[in-house]
Amino acid sequence: MGYCFTLMCELETQALLPLKLLGSVFFFSVMGCVLLFVVFRWEEERYTDGSKWRFLEHKGPVFAPPYEPLPDKVKFYYDGKPMKLSAPAEEVTTFFSKMLDHEYTTKDIFRKNFFKDWRKEMTSEEKSKITDLNKCNFSEMSEYFKTQSEARKQMSKEEKQKIKEENERLLQEYGFCIMDNHKERIGNFRIEPPGLFRGRGDHPKMGMLKRRIRPEDIIINCSKDSKQPKPPPGTKWKEVRHDNKVTWLASWTENIQGSIKYIMLNPSSRIKGEKDWQKYETARRLKKCVDRIRTQYRDDWKSKEMRIRQRAVALYFIDKLALRAGNEKEEGETADTVGCCSLRVEHIKLYPKMDDQEYVVEFDFLGKDSIRYYNKIPVEKRVFKNLQLFLENKQPEDDLFDRLNTSILNKHLQELMDGLTAKVFRTYNASITLQQQLKELTCPDDSVPAKILSYNRANRAVAILCNHQRAPPKTFEKSMQNLQTKIDEKQNQLSAARKQLKAAKADRKASRDEKSKKTVEVKRKAVQRIEEQLMKLQVQATDREENKQIALGTSKLNYLDPRISVAWCKKFGIPIEKIYNKTQREKFAWAIDMAEKDYEF
DNA sequence: TACCGGACTTGCTTGAAAACCT
DNA sequence: AGGTTTTCAAGCAAGTCCGGTA
């Protein structure tokens with residue numbers, strides 16, 4: 001398997017790789033076989049010594065364009081009077097005025113954080129004058145930006161073309177690197193521009209100034225024997241290092257949370273693809289021992305030790321409900337969200353009886369990205385009793401699992417299976433659900449669109465399991481209505497066509513000539529065609545309605561073993577393009593090449 | 001064993017491009 | 001062709017997990 005994968009990548013990238021980039025490394029066009037052999041061999045080495053590459057060359061990041069001061073006619077007013085700001089202070093106001101239409105500029109925390117950081121950019125004179133955000137009037141600036149973006153939309157074709165070409169040039173120059181013998185696409189070669197931090201959910205740092213990143217902030221990573229990227233004229237990199245134990249090309253420290261940001265390769269790259277493949281192989285290993293693990297944690301529900309019971313109940317949730325591990329977070333630094341191990345008493349409610357069910361647990365908490373998780377599920381009596389025990393003598397804000405954290409849990413999992421961590425359960429349960437749902441929902445005799453609906457439904461089952469949500473699109477209602485109108489029209493068309501068919505049949509009966517016979521055939525075909533069109537529209541409507549608040553993308557990209565989908569396509573004669581778009585096909589190239597129609601996750 | 005920095009994956013939103021009408 | 005709707009990819013925030021250190 002590993003061998004196949006390496007071969008495939010090599011062959012693919014080879015085709016893309018201009019000869020000059022290879023330099024003296026290999027004459028692959030005549031020595032292809034030798035190259036493949038060599039690559040395979042370092043593949044083996046890589047895994048044993050932990051290094052990620054031998055050769056790495058790139059051009060460094062692209063920086064955000066410098067600030068362009070506003071034209072003099074666009075004024076900022078303080079307390080009703082126009083006031084010219086220094087460039088640094090002015091730049092910050094442009095960030096704010098561009099966001100004026102958003103609700104969060106009205107939020108207290110946002111305004112407070114913004115004002116505090118803005119003041120840091122002011123001259124002492126400005127600082128003494130501008131003391132109250134409510135006396136600031138940004139409306140002219142806001143209008144100006146609206147006009148500008150309007151103008152951008154109205155640009156002529158030539159102007160748009162020019163911008164496109166410039167972007168393409170940047171992509172060609174900075175968007176690729178050479179890692180070992182591959183020319184690889186870089187994921188994010190542009191440095192994030194300065195702006196106001198938003199954050200998700202109720203974030204205590206919303207509105208803070210995300211500062212501009214300069215070359216002096218950037219650490220470059222590349223190999224010693226590569227051509228080092230040049231910093232922009234008159235500047236220096238913070239550091240240039242040669243660490244082949246990591247995969248990133250450049251990094252910097254971001255000023256809001258103090259965390260490190262990286263420039264890394266695109267998902268289509270060898271290094272990411274291999275890691276992805278490995279992830280699914282770990283999940284498949286879990287499949288082999290999940291029964292044993294389940295038996296064990298059920299057993300642990302009876303343990304004498306509290307910590308073991310907590311661990312076992314938490315693992316049960318992670319397995320059954322696909323909850324995330326739930327690391328501890330620093331209070332006050334981020335939005336208050338939780339995962340399994342960090343659940344608090346206030347996040348669950350126990351109902352010994354609810355309607356016709358026994359031992360129901362109601363979950364209600366904010367998870368990753370402050371997405372609400374709400375679920376009511378009946379659990380086994382032992383779990384329920386344990387939960388009652390865990391809740392005893394606790395306040396709402398106390399931890400449900402006070403004897404557990406992700407580190408303890410993962411250490412335990414590691415003992416159960418090599419490489420097992422909490423998130424493997426999500427991958428495993430997502431992929432196995434897809435496989436099983438596809439088996440259940442696909443009818444071999446269905447049309448292609450109907451089969452794709454089945455696929456989407458299987459995908460949706462996973463997205464629901466993993467709680468992948470989205471804000472309903474702003475135009476959802478309208479687009480639903482449009483579709484309904486189309487369906488109604490099609491239905492009218494269909495009844496008209498049916499009438500015509502009936503008439504044609506009557507005519508045939510009466511005249512019994514060749515011509516009328518033909519007409520019947522033509523009309524029959526027409527009815528059939530319209531029926532198909534109608535069916536397609538109805539399928540589309542169903543699919544869309546069911547998908548209103550559910551996001552399929554995350555599971556498709558991160559949790560579903562792509563080989564399951566590839567095999568399904570092969571088995572039912574669905575073109576892979578119907579399931580994966582171009583980017584997705586690039587990301588999953590390894591799977592598309594590897595999986596046959598009988599692949600089993 | 002608590003804590004923290006570091007590296008890498010996962011997640012939702014949004015702006016731009018493509019596809020689809022009329 | 002031009003406008004509208006849909007799809008895609010970029011953007012960037014927020015998780016997981018690991019390993020080193022106090």
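**Entry 1: strands β9, β11 and β12**

Two strands pair if DSSP finds at least two bridges between them. I kept that cut-off in mind as I opened this model, which is a predicted one. I began with strand β9, residues 219-221, and strand β11, residues 250-253. Two bridges join them, and the strands run antiparallel. So β9 and β11 pass the cut-off of at least two bridges. I then looked for a matched residue. Ile220 has Ala250 in β11 as its bridge partner.

Next I followed β11 to strand β12, residues 260-263. Here I found four bridges, again with an antiparallel run. Trp252 is partnered with Lys261 in β12. β11 and β12 make a hairpin with six residues between the strands. I checked the backbone there: Gly258 takes a positive phi near 75°.

**Entry 2: a second hairpin**

I moved on to strand β14, residues 357-366, and strand β15, residues 372-378. They pair in the antiparallel sense over seven bridges. Val360 is matched with Pro378 in β15. This pair is also a hairpin, with five residues between the strands. In its turn I noted Asp369, which has a positive phi of about 60°.

**Entry 3: a three-stranded sheet**

What is the strand order in the open sheet of three strands? I read it as β3-β2-β4, with antiparallel pairing. The edge strands are β3 (81-83) and β4 (136-137), and each pairs on one side only. Strand β2, residues 76-78, is joined to β3 by three bridges. I found Tyr77 standing opposite Pro82 in β3.

I added a reminder for reading any sheet. In a regular strand the side chains alternate between the two faces of the sheet.

**Entry 4: DNA strand B**

I turned to the nucleic acid. I listed 26 residues around DNA strand B. The closest are Arg200, Lys272, Lys368, Arg426 and Tyr559.

Which part of DNA strand B comes within 4 Å of the protein: sugar and phosphate, or bases? Sugar or phosphate holds 84% of those atoms, and the rest belong to bases.

I looked up single contacts next. A polar side-chain atom of Lys52 lies 3.0 Å from a phosphate oxygen of DNA strand B. For Arg324, a polar side-chain atom is 2.9 Å from a phosphate oxygen of this strand. Arg200 reaches a base: one of its polar side-chain atoms lies 2.6 Å from a base nitrogen of DNA strand B.

Then I asked which elements line this surface. At least two residues each come from β12, α9 (270-300), α13 and α17 (553-558). α9 gives the most, with three residues. By class, I recorded eight nonpolar, six polar and twelve charged residues near DNA strand B.

**Entry 5: DNA strand C**

I repeated the search for the other strand. DNA strand C has 29 residues around it. The closest are Arg200, Gly326, Lys329, Lys423 and Thr583. Of the atoms of DNA strand C within 4 Å of the protein, sugar and phosphate account for 86%.

Arg200 turned up again, now through its backbone. A polar backbone atom of Arg200 is 2.7 Å from a phosphate oxygen of DNA strand C. Lys423 also uses a polar backbone atom, 2.7 Å from a phosphate oxygen of this strand. With His203 I found a side-chain contact: a polar atom lies 3.2 Å from a phosphate oxygen of DNA strand C.

Two or more residues of this surface come from each of α13 (422-441) and α15 (476-511). The largest share, three residues, is from α15. The classes are four nonpolar, twelve polar and 13 charged residues near DNA strand C.

**Entry 6: helix packing**

Two helices from the DNA lists were worth a second look. I took α9 with helix α10, residues 306-321. They pack at an angle of about 135°, with axes 8 Å apart. α9 and α10 are therefore oblique to each other. The crossing of α9 past α10 is left-handed.

How do α13 and helix α18, residues 562-572, cross? Their axes come within 9 Å and cross at roughly 15°. Angles under 35 degrees count as roughly parallel, so α13 and α18 are roughly parallel to each other. α13 passes α18 in a right-handed crossing.

Notes: Residues are numbered from 1 along each chain as its sequence is written. Chains are lettered from A and ligands numbered from 1 in the order in which they are written. This is a predicted model: local features need pLDDT of at least 70, side-chain atom pairs count only at pLDDT 80 or more; totals for chains, interfaces and linings use all residues. Side-chain values use heavy atoms; hydrogens and water are left out. A residue is near a molecule or strand if one of its heavy atoms lies within 4 Å of it. A polar contact is a pair of N or O atoms within 3.5 Å; within protein, one must be able to donate a hydrogen and the other to accept it, and residues adjacent in sequence count only if both atoms are side-chain atoms. Ala, Val, Leu, Ile, Met, Phe, Trp, Tyr, Cys and Pro count as nonpolar, Asp, Glu, Lys and Arg as charged, and the others, Gly among them, as polar. Axes are lines fitted to C-alpha atoms, for helices over the stretch in contact, and angles run from 0 to 180 degrees between N-to-C directions. Angles under 35 degrees count as roughly parallel, over 145 as roughly antiparallel, 65 to 115 as roughly perpendicular and the rest as oblique. A crossing is left-handed if the near helix is turned anticlockwise from the far one by less than a right angle, and right-handed if clockwise.
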